[in-house]
Amino acid sequence: MNEDVKILIVDDESRNLDALEVMLAGSACTLVRAQSADEALLAMLRHDFAAMIFDIRMPSMGGIELANLVKQRRRTEHVPIIFLTAHAFEDEDVLRAYGVGAVDYLSKPVNARILCSKVAVFIDLYRKTRALAAVNDELEREIAARRTAQEALQEVNQELEERVGLLFLVGEENGSDG
């Protein structure tokens, strides 16, 4: 299991969370459970997630409302969200889910292979994004170091030109005396 890749699973029913854990057990990630939108929001303060899986209907705050909050935060605005529902859904429900940033909308019982396949794609994307960010950070540091070296070289070059200019002036003064 890779501790740096986390998936948030949110459902008000602990048995549904248990089922998701069983389905995603081989997904090379750490699953973070939340049984309410409030627990999910707290988890988002503590962790970065490769993806989030929300039950669409939960007491007090449902998945759609939670997704709205997720997409408003800079830190989580690009995290993919998969919605799950045990209820029959209308096209309007699906459109609302996609409208708040869902990348998929699945009905329960969930096909474990399909869910694992989708999660694997998000894990891979997350790892690649992190790797690119690390390379970008290294390039930024290298650019800054080169700028510093270039500025130092320009200062030394300027100083050298001033010295050569002074030597030239001193040489002309000595040559004009004689």
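Visitor: In which strand is aspartate 104 found?
Guide: The model here is a predicted one. Helices and strands are numbered from the N terminus. Aspartate 104 falls within residues 102-107, and that run is strand S5.

Visitor: Is aspartate 104 buried or exposed?
Guide: The cut-off for a buried residue is under 20% relative accessible area. Aspartate 104 has a relative accessibility of 11%, so the residue counts as buried.

Visitor: Which side chain is joined to that of aspartate 104 by a polar contact, and at what distance?
Guide: Outside the neighbours within four places in sequence, aspartate 104 is in contact with Ile81, Ile82, Phe83, Tyr98 and Lys118. One of these also makes a polar contact through its side chain: the partner is lysine 118, at 2.4 Å.

Visitor: What pattern does the protein follow along the sequence?
Guide: The protein has five helices and five strands. Read along the sequence, strands and helices follow the pattern β-α-β-α-β-α-β-α-β-α.

Visitor: What radius of gyration does the protein have, against the value from the globule rule?
Guide: Along the principal axes, the C-alpha atoms fill a box of roughly 105 × 30 × 25 Å. For 178 residues the globule rule gives 16 Å, and the protein is well over that, so it is more spread out than a compact globule. Its radius of gyration is 29 Å.

Visitor: What share of the residues of the protein count as buried?
Guide: The accessible surface comes to about 11,400 Å², and 54% of it belongs to carbon and sulfur atoms. A residue counts as buried when its relative accessible area is under 20%. Of the 178 residues, the share that counts as buried is 33%.

Visitor: What percentage of the contacts with a separation of 6 or more comes from residues 24 or more positions apart?
Guide: Alanine 51, in strand S3 (residues 51-55), gives an example of two residues set apart along the chain: its C-alpha atom is 8.8 Å from that of isoleucine 9, with the two positions 42 residues apart. For the protein, residues 24 or more positions apart account for 62%.

Visitor: Which residues are in contact with alanine 51, leaving aside its neighbours within four places in sequence?
Guide: Alanine 51 has a relative accessible area of 1%, so it is buried. Its contacts, with those neighbours left aside, are Lys6, Ile7, Leu8, Val79, Pro80 and Phe122.

Visitor: How many disulfides does a search of the whole structure find?
Guide: A disulfide needs two cysteine sulfur atoms within 2.5 Å. For cysteine 29, the nearest cysteine sulfur is that of cysteine 116, at 8.8 Å. Cysteine 29 is buried at 3% relative accessible area, whereas cysteine 116 is partly exposed at 23%. The number of disulfides found is zero.

Visitor: Which parts of the chain does the salt bridge between aspartate 48 and arginine 75 tie together, and how many residues apart are they?
Guide: The side chains of aspartate 48 and arginine 75 meet at 2.7 Å, N to O. Aspartate 48 is partly exposed at 35%, and arginine 75 is partly exposed at 39%. Aspartate 48 lies in the loop between helix H2 (37-46) and S3, while arginine 75 lies in the loop between helix H3 (63-72) and strand S4 (81-85), so the pair ties together parts separated in sequence by 27 residues.

Visitor: What separates arginine 163 and glutamate 159 in helix H5?
Guide: The two side chains form a salt bridge at 3.7 Å, N to O. Arginine 163 is exposed at 52%, and glutamate 159 is partly exposed at 44%. Because these residues are four apart in helix H5 (residues 112-177), what separates them is about one helical turn.

Visitor: Which residues are joined into one network by salt bridges that share partners?
Guide: Side chains of opposite charge can pair when their charged atoms come close. Where salt bridges share partners, they join the residues into one network: Asp11, Asp55 and Lys108.

Visitor: How many salt bridges does the count come to?
Guide: The cut-off for a salt bridge is a side-chain nitrogen of Lys or Arg within 4 Å of a carboxyl oxygen of Asp or Glu. Glutamate 13 and arginine 15 meet this, with their closest N and O atoms 3.6 Å apart. Glutamate 13 is partly exposed at 32%, and arginine 15 is exposed at 58%. The count of salt bridges comes to 12.

Terms used:
Residues numbered from 1 in each chain as written. Predicted model: local features only at pLDDT ≥ 70, side-chain atom pairs only at ≥ 80, totals over all residues. Heavy atoms only, no water. Buried < 20%, exposed > 50% of the residue type's maximum accessible area, 1.4 Å probe, protein only. Helix = DSSP H or I, 4+ residues; strand = E, 2+ residues; numbered from the N terminus. Polar contact = N/O pair within 3.5 Å; in protein donor to acceptor, adjacent residues only side chain to side chain. Contact = heavy atoms within 4.5 Å. Rg over C-alpha atoms; globule rule 2.2 N^0.38 Å. Areas by Shrake-Rupley, 256 points an atom, 1.4 Å probe, with all protein chains shown as cover.
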